[in-house]
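Q: I am new to this structure. Please take a close look at one strand, and then show me what lies around it.

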Amino acid sequence: MRTPHRIRIAIPALFLLAAGAALGALNAEDTHPRLHDPRNARSQPSLAVGGTTARDTIPIQSLLLWGGVNADRVPFLEPVFVIAAPPSLPNATGDYRVAGRAGDGSVLFSLDFEMPVIADGDGSSSFLFMLPVQPGWEGRLASVTLTGPGGSATLDEDSRRPMAILRDPGTRRIRAILRDLPPSIETQADADEAVDRDPGTEVLFSRGIPGPGAWRR
């Protein structure tokens, strides 16, 4: 079954994950969530989004941390993914911090950074980091919080914002980002079963914090 509406997705800094760090800022308009329908096995064409590559950078298992501030400078976070990608970290400290914590409150990571400024914008902005995964994070990451002068935003194990990234596993090129998926899709296994895509396309899933299936792909 297919939802009738189209989805406009703000992508803070999408990229070719074949070898390069996240670059630029662009918007992508994706088709609505695509769920498997045995009466129509063909996927609708999906948008390919990418940037330039840096061939001397080796992708490693990383956390995709992305979000930003709206026009009122209120922070927001997009669902966190585990993904093979070159590291891309803040190059300057600033008034914003994104931090991940375990269930007991201990800090697993903390990054201070300056929120990028978009010229001639409405005050909104966005960021994207690729943080290399460290031993012991799997099964322990319980929340990610973005804080700044305008407030804070948190994703945790109770978040219900299912999103899927469709990717070519060979080139690591992003094919599409599907958000506002049905709430019945709760796990990586559910997404693998339900999301319709071209043959060979990999589905990466998160509803806020990566679940067990995401860490083991």
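A: **Strand E6 and its surroundings**

Strand E6 is largely enclosed by the rest of the structure, because 5 of its 7 residues are buried. This is a predicted model. The average pLDDT of the protein is 76, and 73% of the residues score at least 70. Residues 1-56 have a pLDDT below 50. That stretch still has 144 contacts in the model beyond near neighbours in sequence.

Now the partners of the strand. E6 pairs with E7 in the antiparallel sense, over 6 bridges. E6 also pairs with E9, again antiparallel and over 6 bridges. Arg97 shows both pairings. Its bridge partner in E7 is Asp112. In E9, Thr147 stands opposite Arg97. E6 and E7 form a hairpin with 4 residues between the strands. There, Gly105 takes a positive phi near 90°.

Next comes the core. In soluble globular proteins, nonpolar side chains tend to be buried together. The largest nonpolar core here has 25 residues. Leu63, Leu65, Phe109 and Val144 have the most contacts inside this core. Strand E6 (96-102) supplies at least two of the core residues. So do strand E3 (60-69), strand E7 (107-113), strand E8 (125-132) and strand E9 (141-148). E7 gives the most, with 4 residues.

Leu63 is worth a pause. Leaving out residues up to four places away in sequence, Leu63 touches Val80, Phe81, Val82, Phe109, Phe129, Met130, Leu131, Val133, Trp137, Leu141, Pro210 and Trp215. Another core lies apart from the largest one. This other core has 12 residues, including Leu64, Ile83, Ala85 and Leu204.

Further along is an open sheet. Its 3 strands run in the order E12-E11-E13, with antiparallel pairing. Strand E12 (174-179) and strand E13 (202-206) stand at the edges. Each has a single partner strand, so one side of each is left without a neighbour in the sheet. The twist averages 15° from one strand to the next. Strand E11 (residues 163-167) is joined to E12 by 5 bridges. Arg167 stands opposite Ile174 of E12.

Two residues deserve attention around E13. Thr201 is in the loop between helix H1 (188-194) and E13. Thr201 counts as buried because its relative accessible area is 9%, and the cut-off is under 20%. Not counting residues up to four places away in sequence, Thr201 touches Leu166, Arg167, Pro169 and Arg175. Ser206 sits in strand E13 itself. At 1% relative accessibility, Ser206 is buried too. A polar atom of the Ser206 side chain lies 3.1 Å from the backbone nitrogen of Gly208. Neighbours within four places in sequence aside, Ser206 is in contact with Pro79, Val80, Phe81, Arg161, Pro162 and Met163. Val80 and Phe81 are also among the residues that Leu63 touches.

One last stop is Arg160. Arg160 lies in the loop between strand E10 (151-156) and E11. Polar atoms of the Arg160 side chain lie 3.3 Å from the backbone oxygen of Glu157 and 3.2 Å from the backbone oxygen of Asp158. Glu186 is 26 residues apart from Arg160 along the chain, and 8.1 Å separates their C-alpha atoms.

Note on methods:
Residues numbered from 1 in each chain as written. Predicted model: local features only at pLDDT ≥ 70, side-chain atom pairs only at ≥ 80, totals over all residues. Heavy atoms only, no water. pLDDT = per-residue confidence, 0-100. Contact = heavy atoms within 4.5 Å. Core = buried A, V, L, I, M, F, W, Y, C linked by side-chain atoms within 4.5 Å. Buried < 20%, exposed > 50% of the residue type's maximum accessible area, 1.4 Å probe, protein only. Pairing = 2+ DSSP bridges. Axes fitted to C-alpha atoms, helices over the stretch in contact; angles between N-to-C directions. Polar contact = N/O pair within 3.5 Å; in protein donor to acceptor, adjacent residues only side chain to side chain.
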